[in-house]
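Biologist: I'd like to learn how to read the place where two protein chains meet. Could you walk me through one?

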Amino acid sequence: GAGEGKFGLGRVALPEEIAAWDVDVSPDGTGLPVGSGSVEDGEMLFSEGCAVCHGEFAEGVGNWPKLAGGEGTLANDDPVKTVGSYWPHLSTAWDYVNRSMPYGNAQTLSDDDVYAIVAYILYSNFLVEDDFVLSNENFLEVELPNADGFIIDDRAETEYTIWRTEPCMENCKDSVEITMRATVLDVTPQEEAAAAQAAVAQTAAVTEPVAEAP
Amino acid sequence: MSDMLKPSRRAFLRGSAAAAAGLTAAGAARANVPDPLITEVQDWAMSFGDGVDASPYGLPIQYESDVVRRNVEWLTADTTSSINFTPIHALDGTITPQGCAFERHHSGAIELRKEDYRLMINGLVDTPLVFSYADLERFPRENHVYFCECAANTGMEWAGAQLNGAQFTHGMIHNMEYTGVSLRTLLTEAGLEAAGDLSDKWVYVEGADASSNGRSIPMDKALDDVLVAFKANGEALRKEHGYPVRLVVPGWEGNMWVKWIRRIEVTANAVESREETSKYTDTLEDGTSRKWTWVMDAKSVITSPSPQAPITHGSGPLVITGLAWSGHGAITRVDVSKDGGKTWETARLAKPGEKMALTRFYLDTEWNGEDMLIQSRAMDETGYVQPTKHQLREVRGENSIYHNNCIQTWHIMPNGEAENVEVS
């Protein structure tokens, strides 16, 4: 055992083991490895490994996430949330790409690859020029547009104080009207096999009383 | 006759009320003639059933085949980063059977043997440690029942009534009895002297899967009631629920219940990972967004009758039942309305509410066969009253995606069918 803890269970983690698993990067740059990558290299890497889902310009394909665009849409009816329009910290992009992308083939990128891909995502969001090179040295100089767009959970002030009251039990409304119906949209999954079975059941239920009538 | 055992499925899928009418007529007809199920000796009363060697680990009987997880294809781009739904419309009590308890993965349900499992604790600790699965079983254990609700549960309903069934509108939830080691015990084993003042420290937790699902948790919570769990409802965790070890974070959004947990790092600051910046942040009407909305507020839903569980028995005695829960503590009361919120009756709790766990409620009532707009409204021990969707929208707008704990309305029609609706 480790010898220091209360139970002496487990063993000391070795530096190589910690280095292998502790790869998270924080907004202040903690965890960022030495390295660099250009928009130009990033464009090639992105085209090879990312564009099939995220599009050549990081604009997204089908239902797959858009990584670029959507500037100024956060207060719209349908906000488009991308690295450029929504994400607060570049560290998150580096960290997430490095650890979890490409989807289905994660943890296959070198540090320099990740710098290059992140540089290309910045370029796709019109945040840097096409000759930009991102490195551990200039990383913190990049500020994302929505860096100040987040507030810490304020429900205690904006909601709980209002809704911690004895609720109405009688005569709570003058009238009640249905204003929306889910069946109008008709997007709930139905099951084909079950539907066929249900049709059989319906027939049986309808004919049964006839058959059993005295 | 097996069809008679599945009224809810049949009624959910049929297009008209003809089947329900036929069923009622058949029952009435039988009242006047001897029932052959009684007067004729049935097969099962004469011959053998299955031997005890037939199913070493059993599954539900075939007639319950509709009590299954369902997914909604159009919700996500791929099933490996997606969600499915617990069939809460068909369950009762509070414990969710693991086999139909919802799943949410970000890179699929991975297979991780106990022999291959490692848990690392590092960062601002006195001694960074590695535990094997066997090590974890040697620490003192605790047992607790808690709900795990996805932050996005009911999220598709923000802009209107969309999916027709409690399973789809409220089924990103399960409630299990967990066995595990308190996170406090494991952090103490690594030693927290090196962390100094603990009040401003964090733990960053991540899974062994490709998505990692890393999340930051403030130290106060980590030392309070977080569990590193390896059993649920008496047996090992299911693969899709984090086998062999997951984090249990009572009352807090499901995303933080990191599955296949491989590393716990004590940090000076929040990592602000993808799952707490791009996702699991809640955009308000003015375009700013809340972050770190960890707690799941008090919520409830009537599970029956509901669109997938219509009334098939005609008028007369009716059991209205559902679930209530709160991330702030115990449920103390649930009110039910049958007229869209004009008047309310206080329902009966099957058992006193338990902290951060599902609570079953019943309203034993009479149905006269007329339209009803049924709703439930939960209250928790902090005095918080579950809000309407209008109240939530007033504060947040319609683009929060997460944390929709609004009062749900089902429209019960004279034929007993039910529909997901919004009311004024």
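Modeller: Happily! Let's begin with a single pair: the side chains of Arg263(B) and Asp24(A) form a salt bridge, with 2.6 Å from N to O. Keep in mind that this is a predicted model.

Biologist: How many salt bridges are counted between chain A and chain B?

Modeller: The count is eight. Polar contacts can be listed too: 55 residue pairs across the interface of chain A and chain B make one, both residues being at pLDDT 80 or more.

Biologist: Which helix of chain A gives the largest share of the side that touches chain B?

Modeller: That is helix 8 of chain A, with 11 residues. The residues on this side of chain A divide into 44 nonpolar, 20 polar and 25 charged.

Biologist: How many residues does each chain bring to the contact?

Modeller: Chain A brings 89 residues and chain B brings 113. Another way to describe an interface is by buried area. Here, about 8500 Å² is buried between the two chains, and carbon and sulfur atoms give 55% of that. In chain A, the residues that lose the most area to chain B are Leu9(A), Trp21(A) and Trp163(A), together 10% of what that side buries.

Biologist: And what about strands: which strand of chain B is joined to strand 5 of chain A?

Modeller: Look at strand 24 of chain B, residues 418-423. Three bridges join the two strands, which run antiparallel. To find one by eye, pick Met180(A): its bridge partner in strand 24 is Glu422(B).

Technical notes
Residues are numbered from 1 along each chain as its sequence is written. Chains are lettered from A and ligands numbered from 1 in the order in which they are written. This is a predicted model: local features need pLDDT of at least 70, side-chain atom pairs count only at pLDDT 80 or more; totals for chains, interfaces and linings use all residues. Side-chain values use heavy atoms; hydrogens and water are left out. Contact means heavy atoms within 4.5 Å. Buried area is the accessible area (1.4 Å probe) that two parts lose on being put together, summed over both. A salt bridge is a side-chain nitrogen of Lys or Arg within 4 Å of a carboxyl oxygen of Asp or Glu. A polar contact is a pair of N or O atoms within 3.5 Å; within protein, one must be able to donate a hydrogen and the other to accept it, and residues adjacent in sequence count only if both atoms are side-chain atoms. Helices (H or I, at least four residues) and strands (E, at least two) are DSSP runs, numbered from the N terminus. Ala, Val, Leu, Ile, Met, Phe, Trp, Tyr, Cys and Pro count as nonpolar, Asp, Glu, Lys and Arg as charged, and the others, Gly among them, as polar. Two strands pair if DSSP finds at least two bridges between them.
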